[in-house]
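Visitor: Before we go through the terms one by one, please show me the structure, and then tell me how each label is earned.

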Amino acid sequence: MVDNLHTVKIKSLIIKMLKGLVFSSLLGILVLYNVSRPRIMIVHSYDPTMDTVKDFDNGTKKILENEFEPLVQIYYVNMLNKSTIKQKINAGVEARASIDRFRPKILIAVGDEAQEFAAKFYLDKKKTKVIFAGVKGDFKKFGYIPGKNVGGIIEVPQVQELNALINSMFPGKKNIRLAHLGDTSTIVNLTEKILVQHAWKNVKFQDSITVNDSVSFKRAAMLLSQRYDLLLISSYKGLKKDFNVDDEVASDEIMKWVLENTSIPIISTLGYAIEEGAGVAIVSSAYDQGMLAMSSALAMLKKSSYFPNITSRVLSVFLNDDHISERQICVPSIYRSFAVGTQKLYGHNNAQEAGL
(Lines give C-alpha, C1' and ligand atoms only; values in the text may rest on other atoms or scores of the structure.)
Protein backbone atom coordinates (compact mmCIF):
# COMPACT_ATOMS: atom_id res chain seq x y z
CA MET A 1 0.00 0.00 0.00
CA VAL A 2 2.84 2.36 0.97
CA ASP A 3 4.78 1.38 -2.18
CA ASN A 4 1.75 2.13 -4.38
CA LEU A 5 1.29 5.54 -2.74
CA HIS A 6 4.99 6.29 -3.20
CA THR A 7 4.78 5.29 -6.87
CA VAL A 8 1.76 7.54 -7.42
CA LYS A 9 3.63 10.49 -5.90
CA ILE A 10 6.66 9.84 -8.10
CA LYS A 11 4.47 9.62 -11.23
CA SER A 12 2.68 12.84 -10.26
CA LEU A 13 6.02 14.60 -9.74
CA ILE A 14 7.32 13.36 -13.09
CA ILE A 15 4.15 14.55 -14.85
CA LYS A 16 4.49 18.00 -13.24
CA MET A 17 8.14 18.18 -14.27
CA LEU A 18 7.27 17.18 -17.85
CA LYS A 19 4.49 19.78 -17.99
CA GLY A 20 6.89 22.41 -16.70
CA LEU A 21 9.49 21.35 -19.25
CA VAL A 22 6.97 21.49 -22.08
CA PHE A 23 5.72 24.92 -20.94
CA SER A 24 9.28 26.25 -20.63
CA SER A 25 10.15 24.87 -24.06
CA LEU A 26 7.07 26.45 -25.65
CA LEU A 27 7.78 29.74 -23.89
CA GLY A 28 11.39 29.61 -25.09
CA ILE A 29 10.28 28.88 -28.65
CA LEU A 30 7.79 31.79 -28.48
CA VAL A 31 10.49 34.14 -27.17
CA LEU A 32 12.94 33.03 -29.87
CA TYR A 33 10.22 33.44 -32.50
CA ASN A 34 9.43 36.99 -31.38
CA VAL A 35 13.11 37.87 -31.22
CA SER A 36 13.64 36.63 -34.77
CA ARG A 37 10.53 38.31 -36.22
CA PRO A 38 11.28 41.37 -38.41
CA ARG A 39 10.31 44.55 -36.61
CA ILE A 40 8.50 47.57 -38.01
CA MET A 41 8.03 50.72 -35.94
CA ILE A 42 5.68 53.60 -36.73
CA VAL A 43 6.46 56.99 -35.19
CA HIS A 44 3.71 59.61 -35.45
CA SER A 45 4.30 63.33 -35.00
CA TYR A 46 0.95 63.72 -33.28
CA ASP A 47 -1.31 61.77 -30.93
CA PRO A 48 -3.77 58.93 -31.68
CA THR A 49 -6.86 61.12 -31.20
CA MET A 50 -6.28 63.04 -34.45
CA ASP A 51 -8.36 61.78 -37.35
CA THR A 52 -5.46 61.76 -39.80
CA VAL A 53 -3.44 59.63 -37.35
CA LYS A 54 -6.37 57.23 -36.91
CA ASP A 55 -6.75 56.97 -40.68
CA PHE A 56 -3.06 56.25 -41.20
CA ASP A 57 -3.08 53.54 -38.52
CA ASN A 58 -6.21 51.98 -40.01
CA GLY A 59 -4.51 51.91 -43.40
CA THR A 60 -1.53 50.04 -41.98
CA LYS A 61 -3.83 47.60 -40.17
CA LYS A 62 -5.62 46.85 -43.45
CA ILE A 63 -2.34 45.76 -45.05
CA LEU A 64 -1.40 43.69 -42.00
CA GLU A 65 -4.69 41.75 -41.87
CA ASN A 66 -3.16 38.63 -43.38
CA GLU A 67 0.41 39.20 -42.23
CA PHE A 68 1.67 37.33 -39.15
CA GLU A 69 5.42 37.67 -39.49
CA PRO A 70 6.26 41.33 -38.71
CA LEU A 71 6.22 42.62 -35.14
CA VAL A 72 4.78 46.17 -35.24
CA GLN A 73 4.99 48.89 -32.58
CA ILE A 74 3.51 52.41 -32.75
CA TYR A 75 4.87 55.48 -30.94
CA TYR A 76 3.10 58.85 -30.74
CA VAL A 77 5.34 61.89 -30.19
CA ASN A 78 2.34 64.20 -29.57
CA MET A 79 4.04 67.38 -30.77
CA LEU A 80 0.80 69.40 -30.58
CA ASN A 81 1.33 69.69 -26.84
CA LYS A 82 4.94 70.86 -27.24
CA SER A 83 5.04 74.65 -27.59
CA THR A 84 8.79 75.27 -27.13
CA ILE A 85 11.79 73.97 -29.05
CA LYS A 86 13.19 72.49 -25.83
CA GLN A 87 10.02 70.43 -25.34
CA LYS A 88 10.22 69.21 -28.93
CA ILE A 89 13.87 68.25 -28.60
CA ASN A 90 13.13 66.32 -25.40
CA ALA A 91 10.22 64.58 -27.08
CA GLY A 92 12.54 63.57 -29.90
CA VAL A 93 15.08 62.17 -27.44
CA GLU A 94 12.35 60.04 -25.82
CA ALA A 95 11.14 58.85 -29.23
CA ARG A 96 14.65 57.80 -30.27
CA ALA A 97 15.13 55.96 -26.98
CA SER A 98 11.98 53.97 -27.71
CA ILE A 99 13.20 53.24 -31.23
CA ASP A 100 16.57 52.04 -29.91
CA ARG A 101 14.86 49.71 -27.43
CA PHE A 102 12.64 48.17 -30.11
CA ARG A 103 15.40 47.97 -32.76
CA PRO A 104 13.17 47.99 -35.87
CA LYS A 105 14.37 46.94 -39.31
CA ILE A 106 11.94 49.44 -40.83
CA LEU A 107 11.10 52.80 -39.26
CA ILE A 108 7.97 54.50 -40.66
CA ALA A 109 7.96 58.18 -39.65
CA VAL A 110 4.73 60.16 -40.16
CA GLY A 111 4.70 63.96 -40.28
CA ASP A 112 7.44 66.58 -40.38
CA GLU A 113 8.21 66.48 -36.65
CA ALA A 114 8.71 62.72 -36.66
CA GLN A 115 11.34 63.21 -39.37
CA GLU A 116 13.03 66.23 -37.80
CA PHE A 117 13.30 64.96 -34.23
CA ALA A 118 13.52 61.20 -34.72
CA ALA A 119 13.84 59.49 -38.11
CA LYS A 120 16.62 61.58 -39.66
CA PHE A 121 18.98 60.41 -36.91
CA TYR A 122 18.85 56.87 -38.38
CA LEU A 123 20.06 57.72 -41.86
CA ASP A 124 23.55 56.41 -41.10
CA LYS A 125 22.40 53.23 -39.35
CA LYS A 126 22.42 50.29 -41.75
CA LYS A 127 20.28 48.07 -39.51
CA THR A 128 17.33 50.47 -39.71
CA LYS A 129 15.73 51.70 -42.95
CA VAL A 130 13.46 54.74 -42.99
CA ILE A 131 10.12 55.30 -44.74
CA PHE A 132 8.74 58.83 -44.52
CA ALA A 133 5.06 59.73 -44.90
CA GLY A 134 2.90 62.76 -44.25
CA VAL A 135 5.76 65.09 -45.15
CA LYS A 136 4.39 68.54 -45.94
CA GLY A 137 6.89 69.82 -48.46
CA ASP A 138 10.43 69.01 -49.54
CA PHE A 139 11.66 65.80 -47.87
CA LYS A 140 15.27 66.71 -48.75
CA LYS A 141 15.26 69.28 -45.93
CA PHE A 142 15.73 66.33 -43.55
CA GLY A 143 18.81 65.10 -45.39
CA TYR A 144 16.85 62.35 -47.12
CA ILE A 145 18.30 61.00 -50.36
CA PRO A 146 15.87 58.48 -51.92
CA GLY A 147 17.50 55.06 -52.22
CA LYS A 148 20.13 55.80 -49.57
CA ASN A 149 18.62 54.09 -46.52
CA VAL A 150 15.36 56.01 -47.03
CA GLY A 151 12.26 56.03 -49.21
CA GLY A 152 8.84 57.52 -48.82
CA ILE A 153 5.30 58.50 -49.72
CA ILE A 154 5.19 61.91 -51.39
CA GLU A 155 2.29 64.22 -50.51
CA VAL A 156 1.38 67.24 -52.64
CA PRO A 157 -1.43 69.83 -52.31
CA GLN A 158 -4.50 68.80 -54.32
CA VAL A 159 -5.03 72.18 -55.98
CA GLN A 160 -6.76 71.01 -59.18
CA GLU A 161 -9.50 69.29 -57.21
CA LEU A 162 -9.73 72.31 -54.91
CA ASN A 163 -10.27 74.52 -57.97
CA ALA A 164 -13.32 72.46 -58.96
CA LEU A 165 -14.69 72.63 -55.42
CA ILE A 166 -14.27 76.43 -55.27
CA ASN A 167 -16.33 76.86 -58.43
CA SER A 168 -19.07 74.68 -56.97
CA MET A 169 -19.09 76.86 -53.83
CA PHE A 170 -19.93 79.99 -55.88
CA PRO A 171 -22.39 78.79 -58.57
CA GLY A 172 -22.74 81.31 -61.39
CA LYS A 173 -20.11 83.70 -60.03
CA LYS A 174 -17.36 84.84 -62.39
CA ASN A 175 -13.71 85.43 -61.45
CA ILE A 176 -13.86 84.29 -57.85
CA ARG A 177 -11.25 86.24 -55.88
CA LEU A 178 -8.97 83.96 -53.85
CA ALA A 179 -6.17 84.76 -51.39
CA HIS A 180 -3.78 82.53 -49.45
CA LEU A 181 -2.44 82.85 -45.90
CA GLY A 182 0.04 80.61 -44.11
CA ASP A 183 3.11 80.39 -41.90
CA THR A 184 6.70 80.28 -43.18
CA SER A 185 7.08 76.48 -43.17
CA THR A 186 8.30 74.47 -46.13
CA ILE A 187 4.81 73.13 -46.90
CA VAL A 188 3.46 76.67 -47.12
CA ASN A 189 6.26 77.68 -49.49
CA LEU A 190 5.44 74.64 -51.65
CA THR A 191 1.70 75.36 -51.48
CA GLU A 192 2.25 79.00 -52.42
CA LYS A 193 4.37 78.00 -55.40
CA ILE A 194 1.72 75.54 -56.63
CA LEU A 195 -1.06 78.11 -56.14
CA VAL A 196 0.86 80.71 -58.17
CA GLN A 197 1.67 78.29 -61.00
CA HIS A 198 -1.74 76.62 -61.21
CA ALA A 199 -3.87 77.40 -64.28
CA TRP A 200 -6.96 78.51 -62.37
CA LYS A 201 -10.38 78.20 -63.99
CA ASN A 202 -12.83 80.98 -63.12
CA VAL A 203 -10.72 81.79 -60.05
CA LYS A 204 -8.45 84.81 -59.70
CA PHE A 205 -5.63 83.95 -57.33
CA GLN A 206 -4.55 87.44 -56.35
CA ASP A 207 -2.61 87.47 -53.12
CA SER A 208 -0.50 85.32 -50.79
CA ILE A 209 0.88 86.26 -47.38
CA THR A 210 3.21 84.20 -45.19
CA VAL A 211 4.16 85.15 -41.63
CA ASN A 212 5.83 83.47 -38.65
CA ASP A 213 3.96 84.96 -35.68
CA SER A 214 0.33 84.99 -34.56
CA VAL A 215 0.02 88.77 -34.36
CA SER A 216 0.97 89.18 -38.03
CA PHE A 217 -1.21 86.20 -38.96
CA LYS A 218 -4.31 87.72 -37.37
CA ARG A 219 -3.64 91.10 -38.97
CA ALA A 220 -3.25 89.47 -42.40
CA ALA A 221 -6.43 87.39 -41.96
CA MET A 222 -8.44 90.55 -41.24
CA LEU A 223 -6.96 92.38 -44.24
CA LEU A 224 -7.50 89.52 -46.71
CA SER A 225 -11.05 88.81 -45.54
CA GLN A 226 -12.03 92.39 -46.41
CA ARG A 227 -10.70 92.20 -49.97
CA TYR A 228 -11.47 88.71 -51.30
CA ASP A 229 -14.33 86.27 -51.77
CA LEU A 230 -12.47 83.33 -50.30
CA LEU A 231 -9.48 82.74 -48.03
CA LEU A 232 -7.30 79.64 -48.28
CA ILE A 233 -5.38 79.04 -45.06
CA SER A 234 -2.65 76.43 -45.32
CA SER A 235 -0.38 75.53 -42.39
CA TYR A 236 -0.54 77.66 -39.23
CA LYS A 237 0.98 75.30 -36.66
CA GLY A 238 4.08 76.61 -34.94
CA LEU A 239 3.23 80.32 -35.14
CA LYS A 240 5.10 82.29 -32.50
CA LYS A 241 3.16 84.43 -30.01
CA ASP A 242 4.87 87.44 -31.57
CA PHE A 243 8.08 88.11 -33.48
CA ASN A 244 10.06 88.60 -30.23
CA VAL A 245 8.96 85.35 -28.52
CA ASP A 246 9.88 81.80 -29.54
CA ASP A 247 6.96 80.15 -27.69
CA GLU A 248 4.21 78.97 -30.03
CA VAL A 249 0.46 79.50 -30.00
CA ALA A 250 -1.85 76.47 -30.19
CA SER A 251 -3.32 76.14 -33.69
CA ASP A 252 -6.92 75.85 -32.45
CA GLU A 253 -6.56 79.23 -30.70
CA ILE A 254 -5.42 80.79 -33.98
CA MET A 255 -8.34 79.38 -35.94
CA LYS A 256 -10.85 80.34 -33.23
CA TRP A 257 -9.71 83.96 -33.46
CA VAL A 258 -9.82 83.97 -37.26
CA LEU A 259 -13.36 82.59 -37.30
CA GLU A 260 -14.54 85.20 -34.80
CA ASN A 261 -13.00 88.08 -36.76
CA THR A 262 -13.72 87.24 -40.41
CA SER A 263 -16.86 86.65 -42.43
CA ILE A 264 -15.81 85.09 -45.76
CA PRO A 265 -15.57 81.30 -46.35
CA ILE A 266 -12.28 79.74 -45.28
CA ILE A 267 -10.87 76.64 -46.96
CA SER A 268 -7.61 74.76 -46.53
CA THR A 269 -5.20 72.23 -48.00
CA LEU A 270 -4.89 70.54 -44.59
CA GLY A 271 -7.46 68.46 -42.71
CA TYR A 272 -6.72 69.76 -39.22
CA ALA A 273 -7.91 73.25 -40.23
CA ILE A 274 -11.39 71.82 -40.79
CA GLU A 275 -11.31 69.94 -37.48
CA GLU A 276 -10.58 73.32 -35.87
CA GLY A 277 -13.40 75.17 -37.62
CA ALA A 278 -12.58 76.09 -41.24
CA GLY A 279 -15.05 75.09 -43.94
CA VAL A 280 -13.68 72.73 -46.58
CA ALA A 281 -10.44 70.94 -47.46
CA ILE A 282 -9.36 68.40 -50.06
CA VAL A 283 -6.23 66.57 -48.97
CA SER A 284 -4.22 63.45 -49.65
CA SER A 285 -5.80 60.46 -47.90
CA ALA A 286 -3.97 59.46 -44.69
CA TYR A 287 -5.60 56.03 -44.97
CA ASP A 288 -4.05 55.55 -48.40
CA GLN A 289 -0.67 56.76 -47.13
CA GLY A 290 -0.87 54.23 -44.30
CA MET A 291 -1.55 51.43 -46.77
CA LEU A 292 1.26 52.56 -49.07
CA ALA A 293 3.76 52.93 -46.22
CA MET A 294 3.06 49.49 -44.71
CA SER A 295 3.02 47.80 -48.14
CA SER A 296 6.38 49.42 -48.83
CA ALA A 297 7.74 48.26 -45.46
CA LEU A 298 6.77 44.66 -46.22
CA ALA A 299 8.34 44.92 -49.67
CA MET A 300 11.55 46.29 -48.12
CA LEU A 301 11.72 43.31 -45.75
CA LYS A 302 11.63 40.97 -48.75
CA LYS A 303 13.94 43.00 -50.98
CA SER A 304 16.68 44.96 -49.23
CA SER A 305 17.45 47.09 -52.29
CA TYR A 306 13.88 48.40 -52.59
CA PHE A 307 13.14 51.96 -51.44
CA PRO A 308 9.69 53.44 -52.17
CA ASN A 309 9.25 56.70 -54.06
CA ILE A 310 5.46 56.95 -54.34
CA THR A 311 3.04 59.87 -54.69
CA SER A 312 -0.26 59.49 -52.84
CA ARG A 313 -3.12 60.28 -55.25
CA VAL A 314 -6.17 59.17 -53.25
CA LEU A 315 -8.13 62.10 -51.81
CA SER A 316 -10.10 62.87 -48.66
CA VAL A 317 -12.77 65.56 -48.34
CA PHE A 318 -13.10 67.39 -45.01
CA LEU A 319 -16.22 69.46 -44.29
CA ASN A 320 -17.29 71.51 -41.28
CA ASP A 321 -21.07 71.93 -41.26
CA ASP A 322 -21.06 74.79 -38.77
CA HIS A 323 -18.81 76.88 -41.02
CA ILE A 324 -20.73 75.90 -44.14
CA SER A 325 -24.03 76.93 -42.54
CA GLU A 326 -22.79 80.16 -40.96
CA ARG A 327 -21.06 81.43 -44.11
CA GLN A 328 -23.73 80.08 -46.48
CA ILE A 329 -21.36 77.97 -48.54
CA CYS A 330 -22.78 75.87 -51.36
CA VAL A 331 -21.27 72.36 -51.27
CA PRO A 332 -22.56 69.72 -53.74
CA SER A 333 -24.03 66.60 -52.16
CA ILE A 334 -21.30 64.37 -53.63
CA TYR A 335 -18.68 66.09 -51.45
CA ARG A 336 -20.91 65.84 -48.42
CA SER A 337 -21.59 62.15 -49.05
CA PHE A 338 -17.87 61.50 -49.36
CA ALA A 339 -17.15 63.35 -46.10
CA VAL A 340 -19.92 61.52 -44.24
CA GLY A 341 -18.88 58.13 -45.63
CA THR A 342 -15.28 58.62 -44.49
CA GLN A 343 -16.22 60.31 -41.18
CA LYS A 344 -14.74 63.65 -42.16
CA LEU A 345 -17.81 65.76 -41.43
CA TYR A 346 -17.26 68.10 -38.46
CA GLY A 347 -19.27 70.67 -36.56
CA HIS A 348 -22.16 70.42 -34.12
CA ASN A 349 -24.99 70.44 -36.65
CA ASN A 350 -24.37 67.07 -38.21
CA ALA A 351 -21.79 65.30 -36.03
CA GLN A 352 -24.32 62.61 -35.20
CA GLU A 353 -25.03 61.95 -38.88
CA ALA A 354 -21.32 61.51 -39.57
CA GLY A 355 -20.93 59.09 -36.66
CA LEU A 356 -18.51 61.42 -34.85
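Guide: Glu116 is a good place to begin, since its relative accessible area of 29% makes it partly exposed, a label for values between the limits of buried (under 20%) and exposed (over 50%), found with a 1.4 Å probe on protein chains only. This is a predicted model, in which local features need pLDDT of at least 70 and side-chain atom pairs count only at pLDDT 80 or more, while totals for chains, interfaces and linings use all residues. Residues are numbered from 1 along each chain as its sequence is written, and side-chain values use heavy atoms, with hydrogens and water left out.

Visitor: What makes Lys120 and Glu116 a salt bridge?

Guide: The term asks for a side-chain nitrogen of Lys or Arg within 4 Å of a carboxyl oxygen of Asp or Glu; the closest N and O atoms of Lys120 and Glu116 are 2.9 Å apart, and the pair therefore qualifies. Lys120, at 27% relative accessibility, is partly exposed. By this rule the count comes to 10 salt bridges.

Visitor: Why can the salt bridge of Asp229 and Arg177 be said to tie together parts of the chain?

Guide: The side chains of Asp229 and Arg177 meet at 2.9 Å, N to O. Asp229 lies in the loop between α7 (214-227) and β8 (230-233), whereas Arg177 is in strand β6 (residues 176-182), so the bridge joins parts that are 52 residues apart in sequence; helices (H or I, at least four residues) and strands (E, at least two) are DSSP runs, numbered from the N terminus. Lys173 is linked with Arg177 and Asp229 in a network of salt bridges.

Visitor: Is Asp229 called buried or exposed, and what about Arg177?

Guide: Asp229 has a relative accessible area of 12% and is therefore buried, whereas Arg177, at 34%, counts as partly exposed.

Visitor: How do you know that Glu260 and Lys256 are separated by about one helical turn?

Guide: Glu260 and Lys256 are four residues apart in helix α8 (residues 251-261), which means a separation of about one helical turn. The closest N and O atoms of this salt bridge are 2.7 Å apart, and Glu260, at 53% relative accessibility, is therefore exposed.

Visitor: What makes a set of residues a nonpolar core?

Guide: The members must be buried Ala, Val, Leu, Ile, Met, Phe, Trp, Tyr or Cys residues joined through side-chain atoms within 4.5 Å. The largest such core has 55 residues, and Val43, Tyr144, Leu181, Phe217, Leu231, Ile233 and Tyr236 touch the most other members. Apart from it lies another core, of 26 residues, including Leu230 and Val331.
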